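User: I would like to learn how to read a protein model step by step. Could you take me through it with the general idea and then the case at hand?

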Amino acid sequence: SLVRQKLRHERGEPSGAAPMDCDEAPAGPASQSRLAGWKRALETVASGTDFAAVEGMKCLCHEVMGAVGSGDDADGALAAMASDVDALVKNLATRVSPIFDAAAAAPGASTARACKYVLNALMQVFQEPRLASSVGQASEQLCIASLLERLLDPRSAEMEEGPALVKALNVLMLKVLEHCDRTDSFKSLLRLLATPPTTVAADEGAAARFRELVVKCLIKLTKALGTTLREVRLPELLLEIHRYFDALGEEEIRRRGRAADGGDKPLRMVKTILHKLTEMVGHDIHDAFALCPPRGSVPAPIVYAYVDLNLQSMPDAPGKPRAFASDLNRSAGAETAARDRDPEPAPAPTPATPKPESPRQKSPVARRVAVEDATTPKPAFVSDEKRIEREPVSASDETVTASGEAGVLKTPASTPRRARGDATAEPHPACAPPTPVSADLKSRLANVFKKIGEKSTTAAGLEDLYDFSRQHPMVDIQPHLARTSAAFQSYIQRGLQKVENARAARAAAL
């Protein structure tokens, strides 16, 4: 009509564009009429220019709202629409960036209208669970990438109605996370975390900011696991986590863990997800690794090592602990090699055992300490691994708590070793025979171990533990030592000996 042509001219739309009239659906039953209008709108969105597509988006919104409000017919209408939703979201997601770029380059009512309708069309899909659940993983990943890119673009807030558009982008992102398949959402975000879109990957700063937004989305999903775990296909999620670790490699993970800021946030976020899953599923998480390479693969998948570390810090984890043949074989081989390479003196006898053990009589626990001491990375890495449990990733408005414990690693307590070359050395006071710990001393001791676990306060923590053990030589610290790995126990013992040596040297110099 002349009125429509005049409105199009005022909006700056091309004269050849034929806008759709959402009320011009074919006559017939309401559901059939609605689906016919839906199909026509899909064709317009898929084949038209951006300006024509906006008219199709308008009609899509009209038809979805009509279907949702149709009462008893809603389920049938939405089910019929659901088969087209995946292709629709893919099409709309590819139009988001061009439409927003055009609005930034040529501000005006028509370009701002296009921005609003492309977001409104996506919102109609993602705010309706019956439609959002039909969106495939690839289309969801494309949509998430497009939305996060627009949130990163400073021009979005500066264009006409910019604040409202930025708010709409945020709300739409939340609806995607709320109503899409949980496993697909985790997979999409983990893949974007590993490989940002090419549009931001070339700029290191932009890629870092993009990953920060992805981490915030992952925090949302992880916090909700308490009520949504049953919706997650755990084997698929564990496979995605394995792929993330495997792509980085063990050396890169170690390098990032030793960073001055405690390691990069994306890596810590993935570890936090794995910790949360382990905490909730417990030892039964081992049954969900069917899609991952076996534990005995060469090289060994890193994901198993992190699960084992997590379970060591969870004495009350549900399920029954597992013993794996590959681990037992590897431990036996390492024990033999370590014993041949660097035999350790026997453990110091307790007061009830006046004769020291010979190396051949060394207990299995003590031999395990020696093996882990010879084959485990240096203490700095151990403390970094402890920090994984204690320092979950956090954002300005979201925080994931990885564990309620202090984060120390739990393995069977080891038998204290003598100082090298001294067969008659007494055990360090910190390993003295135990007595019960009062509540006050227990709290102080927990704070001391927490300081030791922090990379920046390890030395001070060892000094405090040395003083504590001198002041309270009969206090039982084994419950705390028992929650650490054998390698870390050895590290504590060596650290205490260094403190003692340093203080003796200073006293001799006076």
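Analyst: Let us begin with a single residue and its surface, keeping in mind that this is a predicted model. Asp316 has a relative accessible area of 73%, and because values over 50% count as exposed, Asp316 is exposed. Asp316 lies in the loop between helix H17 (302-312) and helix H18 (325-341), and its C-alpha atom is separated by 9.3 Å from that of Glu279, although the two are 37 residues apart along the chain.

User: Is Val176 buried or exposed, and where is Val176 placed?

Analyst: Val176 is in helix H9, and it counts as buried because its relative accessibility is 0%. Leaving aside residues up to four places away in sequence, Val176 touches Phe126, Glu140, Ile144, Leu147 and Ser185. The C-alpha atoms of Val176 and Met123 are separated by 8.7 Å, with their positions 53 residues apart along the chain.

User: How many residues does the largest nonpolar core have, and which of them have the most contacts inside it?

Analyst: The general idea is that in soluble globular proteins nonpolar side chains tend to be buried together. In this model the largest nonpolar core has 94 residues, and those with the most contacts inside it are Phe100, Phe126, Leu218, Leu238, Ile241, Phe245 and Leu277. Helix H4 gives the most to this core, with 13 residues. Phe126 can serve as an example, since we have already met it as a neighbour of Val176: not counting residues up to four places away in sequence, the residues that Phe126 touches include Val89, Val135, Cys143, Leu172 and His179. A second, separate core has 17 residues, among them Leu465, Tyr466, Phe468 and Leu496.

User: How should I describe two helices that pack together, and at what angle do the axes of H4 and H7 cross?

Analyst: Two packed helices are described by the angle between their axes and the distance between the axes. For helix H4 (residues 74-105) and helix H7 (residues 137-152), the axes come within 8 Å and cross at roughly 20°. Angles under 35 degrees count as roughly parallel, which means that H4 is roughly parallel to H7. The crossing of these two helices, H4 and H7, is left-handed. On the H4 side the contact is made by residues including Val89, Ala93, Val96 and Phe100, while on the H7 side Leu142, Cys143 and Ser146 are among those taking part. Sorted by class, the residues of this contact between H4 and H7 are six nonpolar, four polar and four charged.

User: H7 also packs against H10, so how far apart are the axes of that pair?

Analyst: The axes of H7 and helix H10 (residues 182-194) are 9 Å apart, and the two helices pack at an angle of about 55°. That angle makes H7 oblique to H10, and their crossing is right-handed. In this contact, residues of H7 including Gln137, Glu140 and Ile144 meet residues of H10 that include Asp184, Ser185 and Leu189. By class, the contact of H7 with H10 has four nonpolar, four polar and four charged residues.

User: Which residues make the contact between H9 and H12?

Analyst: Before naming them, let us place the pair: helix H9 (residues 162-179) and helix H12 (residues 204-223) have axes 11 Å apart and pack at an angle of about 40°. That makes H9 oblique to H12, and H9 passes H12 in a right-handed crossing. The contact is made by Met173, Leu174 and Leu177 of H9 together with Cys217, Lys220 and Leu221 of H12. The residues of this contact of H9 with H12 are five nonpolar, no polar and one charged.

User: What can be read from the backbone at Pro299 and at Glu161?

Analyst: A cis peptide bond joins Val298 and Pro299, with omega at about 0°, and Pro299 is in the loop between helix H16 (265-281) and H17. Glu161 has a phi near 60°, a positive value in a residue other than glycine. Glu161 is found in the loop between helix H8 (155-158) and H9, and with a relative accessible area of 38% it is partly exposed.

User: How many helices and strands does the protein chain have, and what share of its residues count as buried?

Analyst: The protein chain has 24 helices and zero strands, and 46% of its 510 residues count as buried. Among contacts between residues at least 6 apart in sequence, 75% join residues at least 24 apart.

Notes
Residues numbered from 1 in each chain as written. Predicted model: local features only at pLDDT ≥ 70, side-chain atom pairs only at ≥ 80, totals over all residues. Heavy atoms only, no water. Axes fitted to C-alpha atoms, helices over the stretch in contact; angles between N-to-C directions. Helix = DSSP H or I, 4+ residues; strand = E, 2+ residues; numbered from the N terminus. Parallel < 35°, antiparallel > 145°, perpendicular 65-115°, else oblique. Left-handed = near helix turned anticlockwise from the far one by under 90°. Contact = heavy atoms within 4.5 Å. Nonpolar A, V, L, I, M, F, W, Y, C, P; charged D, E, K, R; others polar. Buried < 20%, exposed > 50% of the residue type's maximum accessible area, 1.4 Å probe, protein only. Core = buried A, V, L, I, M, F, W, Y, C linked by side-chain atoms within 4.5 Å.
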